[in-house]
Amino acid sequence: MSTTTSQQAGPGTAVVSVRDLTVVYETEQPVTAVKGATLDLHRGEILGLAGESGCGKTTLAYAVNRLHQPPARIASGSVTFHDRDGGDVDVLALADEELRRFRWAKLSMVFQGAMNALNPVRTIGAQLDDTLRAHDSSPGRRARRERCADVLTRVGVDPGRLRSYPHELSGGMRQRVMIAMAMLLEPQVMIMDEPTTALDVVVQRDILREIVRLRDELGFAVVFITHDLPLLLEISDRIAVMLRGEVVELDTAQNLYRNANHPYTRKLLGSFPSLHGERGGFVRTGPTEESEGLR
Ligand SMILES: Nc1ncnc2c1ncn2[C@@H]1O[C@H](COP(=O)(O)OP(=O)(O)OP(=O)(O)O)[C@@H](O)[C@H]1O
Ligand SMILES: [Mg+2]
C-alpha cells in the first residue's frame, strides 16, 4: 500500500471493491436488479456509471452504501471498503451502529432527486449542522458553524445562505447544498446519483466543473451515475456500463470511447449526435481538449 498521506494514493488502488454482487427485489415477481456485479472504485478517481433507465444503477449504489431496504435483498456477493486510515470494512456485515458511523464519514451519497430532499421548514445551516452533530467527535458549535460555512463556500454557495430555507434557493443551489452535505465529513468516497439531470445545461456544467475541481483538490473518489454517456466521457477517469443488471463494460473513458467492446456500449455511443450537429451544451464527441480543460 502507498504511504502517502493524501487520499490520492496513486492510480489503481481500490477504495471500494464490489465482488459478484447480486440484488433481488423480492416482489411478487422477483426482479434481479443487479446481477453478479464486480468492479473496483479506485482511490481519487471519477468512475462514471452509465446505462439506461431501470438497468440497476441506483440499486447498485444503494447496496454499496447498505441503504437498500426490503423488498431489496442482497442475494450474494461482497462490498469491501479499504479505509485510508487502515483496515478493510466488510460493508454488508456492518452492525447498525457501525453503519451509522460509516455513512457520511467514509462514504456518502447524493441521492437521485436530492435537491427536493431538504427539509422545507429548517434552515440550510441547521440541516448541515444535524449531519455534523450526528457523528462522533463532533466539534463545538463555533467550529461546526465554520465547517458548514467552509463546505458551502467550496461548492460555490455564499455562506450567508446558512440562514436560508430551501425554498429560498434555486434548484442549482439546493443541489450544491446536497453536495456540500455529502462532503461535510470528508468522506473518501462520494456516490452521486444523477446529481444534475434536473438542472439546466449551464448550471449542470458549472456544478460538474465544481465536482471535478473539488476532487482534484481533496482527492475523494466519485461514482457519478447518469444515463448521459457523453457527459461521463468528459468528466470520468473510467466508465462502467450497465445493461439489465450487469456491468457489461468497464474501461478508461478514452478506451471506451475509441474501442468499446460491448455492442450495447457501441450502440450508446452511436446514438448521440456528433459535435457538429450540436449547438452549445456539452461536447458530444468524447474526450477532447475542452473536456481536458474541464477535468
Ligand atoms: N422498490 C422496488 N421494488 C421493486 N422493484 C424495484 C424497486 N426499485 C427498483 N426496482 C426495479 O429494479 C430495477 C433497477 O432499478 P434502478 O432504480 O436501480 O434502476 P436505475 O438504473 O437507477 O434507473 P434510472 O436511470 O431510471 O434511475 C428496475 O427493473 C426497477 O423496476
Ligand atoms: Mg436510478
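In the predicted model, the magnesium ion (ligand 2) is coordinated by two side-chain oxygens, OG1 of Thr 58 and OE1 of Gln 112, at 2.0 to 2.4 Å. Thr 58 belongs to helix α1, residues 57-64. Gln 112 sits in the loop between β6 (107-110) and α3 (124-133). The two residues are 54 apart in sequence, so the pair ties together separate parts of the chain. Neither ligand residue is buried. Thr 58 is partly exposed, at a relative accessible area of 25%. Gln 112 is also partly exposed, with a relative accessibility of 47%.

The protein chain as a whole contains 10 helices and 10 strands. Of its 295 residues, 51% are buried. Contacts between residues at least 6 apart in sequence were also examined. Of these, 69% join residues at least 24 apart.

Helix α1 also takes part in the lining of the enclosed space. The structure holds 1 cavity of 30 Å³ or more. The largest cavity has a volume of about 130 Å³. It is lined by 13 residues. The closest to its centre are Leu 39, Leu 60, Val 64, Ile 191 and Val 223. Six elements each supply at least two lining residues: β1 (14-25), β2 (31-42), β3 (46-50), α1, β7 (189-193) and β8 (221-225). Helix α1 gives the most, with 3 residues. The lining of this cavity comprises 13 nonpolar residues, no polar residues and no charged residues.

The largest pocket has another make-up. Its volume is about 280 Å³. By class, its lining has 4 nonpolar, 2 polar and 5 charged residues. The charged residues are Asp 129, Arg 141, Arg 144, Arg 145 and Arg 163. Also in the lining are Thr 123, Gly 125, Ala 126, Cys 148, Pro 159 and Leu 162. Helices α3 and α4 (141-154) each supply at least two of the lining residues. The most come from α4, which gives 4.

The loop between α3 and α4 carries His 135. This residue is buried, with a relative accessible area of 9%. Its C-alpha atom lies 6.5 Å from that of Arg 101, although the two residues are 34 apart in sequence. Beyond its neighbours within four places in sequence, His 135 is in contact with Arg 100, Arg 101, Arg 103, Trp 104, Ala 105 and Leu 185.

A buried arginine occurs in helix α5, residues 171-183. Arg 176 has a relative accessible area of 13%. This value is under the 20% limit, so Arg 176 counts as buried. With neighbours within four places in sequence set aside, Arg 176 is in contact with Val 155, Gly 156, Val 157, Asp 206, Ile 207 and Glu 210. Asp 206 and Glu 210 are charged residues among these contacts.

Helix α9 (residues 263-270) has a buried side and an exposed side. Its buried residues are Tyr 264, Thr 265, Leu 268 and Leu 269. Seen down the axis of α9, they fall within an arc of 140 degrees, so they line one face of the helix. An α-helix has 3.6 residues a turn, so residues three or four places apart point the same way. On the other side of α9, Pro 263, Lys 267 and Gly 270 are exposed. The cover over the buried residues includes α7 (229-235), β9 (238-243), β10 (246-252) and α8 (253-259).

Helix α8, one of the elements that cover α9, holds Asn 255. Asn 255 is partly exposed, with a relative accessible area of 38%. The C-alpha atoms of Asn 255 and Ile 239 are separated by 9.6 Å. Along the chain, these two residues are 16 apart.

Conventions:
Residues are numbered from 1 along each chain as its sequence is written. Chains are lettered from A and ligands numbered from 1 in the order in which they are written. This is a predicted model: local features need pLDDT of at least 70, side-chain atom pairs count only at pLDDT 80 or more; totals for chains, interfaces and linings use all residues. Side-chain values use heavy atoms; hydrogens and water are left out. Donors are N, O and S atoms within 2.8 Å of the metal (3.2 Å for Na, K and Ca); water is not among the atoms, so sites may look incomplete. Buried means under 20% relative accessible area, exposed over 50%, partly exposed in between (1.4 Å probe, protein chains only). On a 1 Å grid over the protein atoms alone, a cavity is a set of points where a 1.4 Å probe fits but cannot get out, and a pocket is an open set with protein on both sides within 12 Å along at least five of seven lines; lining residues have an atom within 4 Å of a point. Grid points are joined across faces, edges and corners, and a volume is the space filled by probe spheres set on the points. Contact means heavy atoms within 4.5 Å. The arc is that of the directions from the helix axis to the C-beta atoms.
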